[in-house]
Amino acid sequence: MAVLTKEPQSSKERWLARGRRVYRWLTTPHVFLSIIMLAVMIYLVIIPLYRMVATTVTVSENDLRAIKDANVGDFTWYHWVRMLTSKIAKLMTYEPLLHSLTVALGATGFAFLIGGLMAWMVVRTDMPGRNTIHFLATIPYIMPSWTIAMAWTVIFKNRTSGGTPGLIEFLTGTPPPDWLAYGPVPIIVSSGLHYYTFFFLFISAALLSIDSSLEEAGELAGAGRWRIMRKITFPLVIPAIASGFIMTFSKAMGTYGGPNVLGVPVRYYTLSTMLKSNTSISNYGDGFVLAIVLILFAMTTVMINQKLVGTRKSFETIGGRGFMSKKVKLRNFKPILTALVVVFQFIIAILPLAVLLYSTFMLRSGNYSLSNFTLAHWIGTGEDITINSGEPGVLRNPRIYLGAWNSIRLSLLTALFTSMIGVILGYAIVKGRGTRLSKIVEQMAFIPYVIPGIAFGAVYISMFTKPVGPIPPLYGTFALLVVVSVAKHLPFSARTGVSAMLQVSKELEEAAAISGASPWRRFWRIIFPLTSTGFVSGFLLNFISTMRELSLIILLVTPTTAVLASMTMRYIENGNEQQADAVILILIFLVLIGNFIISRFRGGSLKKGLGM
Amino acid sequence: MQTPIIIKNLTKKFGDVIAVNDVSLTIEPGTFLTLLGPSGCGKTTLLRCISGLEDPDEGEIYIGDKLVYSHLKGISLPPGNRDLGLVFQNYALWPHMTVYKNITFALEIQKMSKSEMDKRVKEALAEVQMDGYEKRYPREMSGGQQQRVALARMLAYRPKVFLMDEPLSNLDARLRMDMRTELKRLHHVSEATTVYVTHDQMEAMTMSSNIAVMKLGVIQQMDTPDNVYHYPANLFVADFIGNPKVNLLTGWVSGKDNVDVGKFNVPVKTYNQTGDVVVGIRPEDITISTRSEDGGVEFQAYSVLPSGSDTTIIARKGDTELTVKENGVSKIKMDQKIWLSFVKETVNLYDKESGNLVNA
């Protein structure tokens, strides 16, 4: 018969026992993985952020001329003083900040209006063709965010910034006014039209999940329709609106493509374009001050938003259960409203592509007549130096093929690593639920979410210019693009991973543990097979979202690591507009192929994975 | 062959909540012990601590003569090394594997030969009357069938100890009855030490050789089903066990072998208690009569609830209410006058302050 242990005698025994307990804790699979993930995230997120802050308060070689009696590496407030209080502060910081806020708020509000209205009409009225409308609503988001901006310039540009006339001027003879051609209005409209998908999907899902008995109860209590809307329906969809707001705002705040295409030609700088112009002349100290300002603003907004709405979980409430609900009858307005919605969707989904395609067939930019038709931008040999600065047509251009190859392999690698990290994060977070460690891991994985894309890219400039530990300097390499994309996708990894792991009830793993299976065996035989479908669709979504990513990598690409997305910007800056349009069409084509595979893979809906 | 389980001063906390509070317990070899209690009483946590799925904070656990957990020695064997099997409430069959694969999962880990595995699968499925289901997937079977397969999965690798965590609570009433029969039979044949967790007192009463009633992480009473029912160690156990519920009346000692509960006296066995007490009387221990000549205390039938095999009568006298159970269909009508009498051997006496049983 067993003898029960009394208090151990010696302190040596006590230490031994303590050591065994610590060892056991550390080798618990979820603890072990959490610690590894924490190390990875500290390395990918925290250290780069720290380095960026450090760069802004350190004297660099470029600063020696401006700061007297300083040595490289000294501490200095020079950049902060210069960017926040000097004479150029208004031009360098405050105006771009104001512009960024204007554009982000404007785009968010505009996207909310359209998305909310469409969601309401599709879910709560007897409008026909809701599936078609639903499908069309996802198209603008599938395309790169600056697609509409590029189409906008083809149609509305005037000759204010030099260059060639747009379609409107060609057709009517009068140039569109400046406010319509460039600046905040077109940026807001073009990005709003891109991001409205968020609001549409979230709000329609939320509306679908509202039990109409709640509204009926209001009706029985004698409330009018407007009152019910205001007092019952609206508060119930607030979490969905808030999710849409967080996503759209933080994305719009850091977006680069639209403001570069529509703002820079008239010197309407936002923080993102100003940041780019500073870093492209190696003025990192100043640039990073802007990046930090950008991050702080995006973070505060998200935090205020979460405070107001209360719970961070709110943005996970996607996917309704579909209660029966009374539909508003549109009566006579039905055909008109339906036609309006369809025409609107057609305009924002199809028209930009048509315009871009048309422009690629124009020999000389600005002449929209058929006599100007050419295939030179697609298959030209590049012998005529006056066309595209002598570059061959995109289908014959080795640079384009290199860019396409870079795009594809960047997306593949990012998706691969992101899925792998997702498995680990999901396991670590779900198995550790309730422990402090799990909470820390989850929260840290959330950080990149509130850092706007271009600022996140900026963070990485300072990180990898010199070797860090065993890692060689990565600046200018293709690997850096992969690293930054994977890091930026961490929140998405965590979310996919957690939701996939939650599908597997914990007893399934416990049953295997009781049977004597090692953690490794449990993973490969039980957990992996049961979660793999979730990860495959996560993989594909990451693939297409990396493919159309621009803001994140624009500061990090070099001519040899350029991807299609960054090439469109380069061609625009060089004035080769048709070339740029052709490249973005190729990019869209690749994205559509990826999207087609996804819809084949899981029956159509983009809803679940949308949004990072 | 048979394996005892010894638990010493086991404590498990979740944050500030103490799920298992300094529990010491010896489970004799071959016992069918049921951990019974309301939800949140710590019964499942205790079971999971034994299984190794949960790491306790204090104490020691022996399974046989193997020390599987000791806080002071820093030892905790992984579940797979504890020689036990666990049946889960939700079956926990691996949905991507056939019945055969589910059962052989553990056997493969033991590097068993194919022919031996085939034999074990056949035997185990026969034992739970699921012959021929090897190729099915879990989703192709009913809940009852899945639970039988889960049982077979455990039987196939022949653990020394069986652990069961509310294995019947996801089944419908009829299946539950069948499975009780089977489980009890299984224990009778295998004589493996079994720890069974349930909140269902009928399950506990019908199957166990011993019941441990738990509340707030502490074992209130551990005894045979018979003793737990007839001599509940305290008011909590008395109140928790039994359906319809026990009658509890507050009173004070009056005379030699009587407790004055206000409007009448209840006879009790000898006592040496003074002050406030509570008497506990099972509904079926009260004799009911329609004639005053038979003696007893006059009540009025407030409600009569026949259920076929027996009838529950709610009797009232002023604000005192008693539940009485009569066999068969009662002839008593609602609002009729009735006379109730008590047998002192069946009345339990509790100290009001501590709630503990005082007579023996």
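Biologist: What separation do the centres of domain 1 of chain A and domain 2 of chain A have, taken over C-alpha atoms?

Modeller: The two centres are 23 Å apart. Keep in mind that this is a predicted model.

Biologist: Where do the two domains lie along the chain?

Modeller: Domain 1 of chain A is made of pieces, 35–59 + 76–87 + 389–612. Domain 2 covers 102–329.

Biologist: How many residues does each domain give to the contact?

Modeller: Domain 1 of chain A gives 37 residues, and domain 2 of chain A gives 39.

Biologist: Which elements supply the domain 1 side?

Modeller: Those with two or more residues there are α2 (29–56), α3 (78–84), α20 (453–463), α25 (564–573) and α26 (577–602) of chain A. The largest share, seven residues, is from α26(A). By type, this side of domain 1 has 24 nonpolar, eight polar and five charged residues.

Biologist: How do I read the size of an interface?

Modeller: The size is often given as the accessible area lost when the parts come together. Here we count residues instead. Between the chains, 26 residues of chain A are in contact with 28 of chain B. On the chain A side, α1 (11–27), α23 (506–514) and α24 (519–547) each supply at least two residues. That side divides into 14 nonpolar, five polar and seven charged.

Biologist: How many helices and strands does chain A have?

Modeller: Chain A has 26 helices and zero strands. Its radius of gyration is 27 Å, close to the 25 Å from the globule rule for 612 residues, so chain A is as compact as a globular protein of that length.

Biologist: What share of chain A is buried?

Modeller: Buried residues make up 47% of the 612.

Definitions and conventions. Residues numbered from 1 in each chain as written. Chains lettered and ligands numbered in written order. Predicted model: local features only at pLDDT ≥ 70, side-chain atom pairs only at ≥ 80, totals over all residues. Contact = placed C-beta atoms within 7 Å. Helix = DSSP H or I, 4+ residues; strand = E, 2+ residues; numbered from the N terminus. Nonpolar A, V, L, I, M, F, W, Y, C, P; charged D, E, K, R; others polar. Rg over C-alpha atoms; globule rule 2.2 N^0.38 Å. Buried ≥ 20, exposed ≤ 12 C-beta atoms within 10 Å, placed from the backbone. Domains from an automatic or database assignment.
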